[in-house]
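Let's take a walk through this structure together. Have a look at the picture first, and then we'll go through it piece by piece.

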Amino acid sequence: MSKPKILITRDDIPQKALDMLKEKCDVDIWPKSFPIPRDEMLKRIPGKDAVFCLLTDKMDEEMLNAAGPSLKVIGTMSVGYDHLSLDEIKKRGIKVGYTPGVLTDATAELTVALLLATSRRLFEAHSELLNGGWGKCAWSPLWMNGWGLKDSTVGIFGFGRIGQGVLTRLQGFGVRRFLYNSRSPKKEGVALGAEYVAYDDLLKESDFVIITSALNDETRDIFNEEAFAKMKSSAIIVNTSRGGVIKQDALIKALKTGQIRAAGLDVMTPEPLPADHELINIPNCTIIPHIGSAEVTTREGMATLTAANIIAGLENKPMPANLC
Ligand code: DGY
């Protein structure tokens, strides 16, 4: 019997996952470690039974039409799924697997790293090292002062696994209050000593605002001009979810005018951000290139979970982690 056909949209997938898929499927791999161009994907997808995709690959109506009726399973190597047109996918009865859980620790850890890098100004300090700034002032009492977490109020927007993981990791820093906002109060909030507050109160009261929510119609651009106007001028915002949650022009203005103090971004719009983008040269903005889950065992876990989802979907068995 012939094996099901799968398109894998990148060649730098952890080997263990590739081996799993090669054993069960007839594999067509885009042989590069950068995103498959859309026209190339449109050419390769017809007749495939499954697709192993990444958050850089849009699975929209056009792509699904190109795939045709053979497509039964999509496995995305990500917990975020804003690149998948779920309504269209559901209409066609295609199963979707994703990777919740396996990247929680790595992403929560990176969020804390980015929060500290932003609040203690690590990138600015590193630039001073390179540009001779340190040589000029040696050690100075007021030089490179940042803002600590002790006695602060930390507000977490989106209180799923990653948001809760961030809170747990911050528990040793002497934070005075943890606030969170999500669709509704969560029982985990009580156990973690976090207060559920309205979105506006989170904005007004937090010294540090941490975004770990999904991107959807409710959250797109929710951090906009009005939101920044409600925040403290001393507030620091950190985003490791999706760039689209922040209205970026409004953020740039808020950073440049001192409406808020600083931002730490692992995600932004567009990705990749052009090297000459305005955001990159704002000193109170710490930017890293979407590396929240970039940790060796995490990426292997994401890839093998994606492979397991796809294989289960093709074999008509329950997926370990399915969206639909
Ligand atoms: C995801 O899986 O959605 C993350 O953004 C990857 O780091």
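## Around the ligand

Start with the ligand in this predicted model. Its surroundings are made up of L55, S78, V79, G80, L103, G292 and S293. Try sorting that shell by class: how many are nonpolar, polar and charged? You should get three nonpolar residues and four polar ones, with no charged residues in the shell.

## How sure is the predictor?

Since this is a prediction, it's fair to ask about confidence. The mean pLDDT of the protein is 98, and 100% of its residues reach 70 or more. For the model there are two further scores, an ipTM of 0.98 and a pTM of 0.97.

## The overall build

Now zoom out. The protein has 13 helices and twelve strands. Its radius of gyration is 22 Å, close to the 20 Å that the globule rule gives for 324 residues, so the protein is as compact as a globular protein of that length. If you follow the C-alpha trace along its principal axes, it spans about 75 × 45 × 35 Å.

What share of the 324 residues is buried? Buried residues come to 42%. The contacts are worth a look too: take those between residues at least 6 apart in sequence, and 64% of them join residues at least 24 apart.

## What the UniProt record says

Two domain annotations come from UniProt, both from an unreviewed entry. One is "D-isomer specific 2-hydroxyacid dehydrogenase catalytic", listed for residues 7-320. In the model, that stretch is 38% helix and 14% strand, and its end C-alpha atoms are 20 Å apart.

The other annotation is "D-isomer specific 2-hydroxyacid dehydrogenase NAD-binding", covering residues 112-292. Here the chain is 34% helix and 15% strand, with the end C-alpha atoms 10 Å apart.

## Zooming in on M302

Next, find helix α13, which runs over residues 296-314 and holds M302. Is M302 buried or exposed? M302 has 26 other C-beta atoms within 10 Å, so it counts as buried; the cut-off for that is 20 or more.

Who does M302 touch? Skip its neighbours within four places in sequence, and its contacts are M77, T99, V102, L103 and S293. Two of those names may ring a bell: L103 and S293 are also among the residues surrounding the ligand. P274 is another story: it is 28 residues from M302 in sequence and 27 Å away in space, going from C-alpha to C-alpha.

## Some backbone oddities

Look at the loop between β11 (262-265) and β12 (285-287), where you'll find P270. The peptide bond leading from T269 to P270 is cis, with omega near -5 degrees. P272 is in the loop between β11 and β12 as well, and a cis peptide bond joins it to E271, with omega about -5 degrees.

Then there's phi. M144 is not a glycine, yet its phi is positive, at about 60 degrees. You'll find M144 in the loop between α7 (133-137) and β6 (153-157). With 15 other C-beta atoms within 10 Å, M144 is partly exposed. N316 also has a positive phi of about 60 degrees without being a glycine. This residue, N316, sits in the segment after α13. Why is N316 called exposed? Because N316 has 9 other C-beta atoms within 10 Å, and 12 or fewer counts as exposed.

Technical notes. Residues are numbered from 1 along each chain as its sequence is written. This is a predicted model: local features need pLDDT of at least 70, side-chain atom pairs count only at pLDDT 80 or more; totals for chains, interfaces and linings use all residues. A residue is near a molecule or strand if its C-beta atom, placed from the backbone, lies within 6 Å of it. Ala, Val, Leu, Ile, Met, Phe, Trp, Tyr, Cys and Pro count as nonpolar, Asp, Glu, Lys and Arg as charged, and the others, Gly among them, as polar. pLDDT is the predictor's confidence in each residue, from 0 to 100. Helices (H or I, at least four residues) and strands (E, at least two) are DSSP runs, numbered from the N terminus. Two residues are in contact if their C-beta atoms, placed from the backbone, lie within 7 Å. UniProt positions are given in the numbering used here, feature names are shortened, and annotations may be inferred rather than shown by experiment. The radius of gyration is taken over C-alpha atoms; the globule rule is 2.2 Å times the number of residues to the power 0.38.
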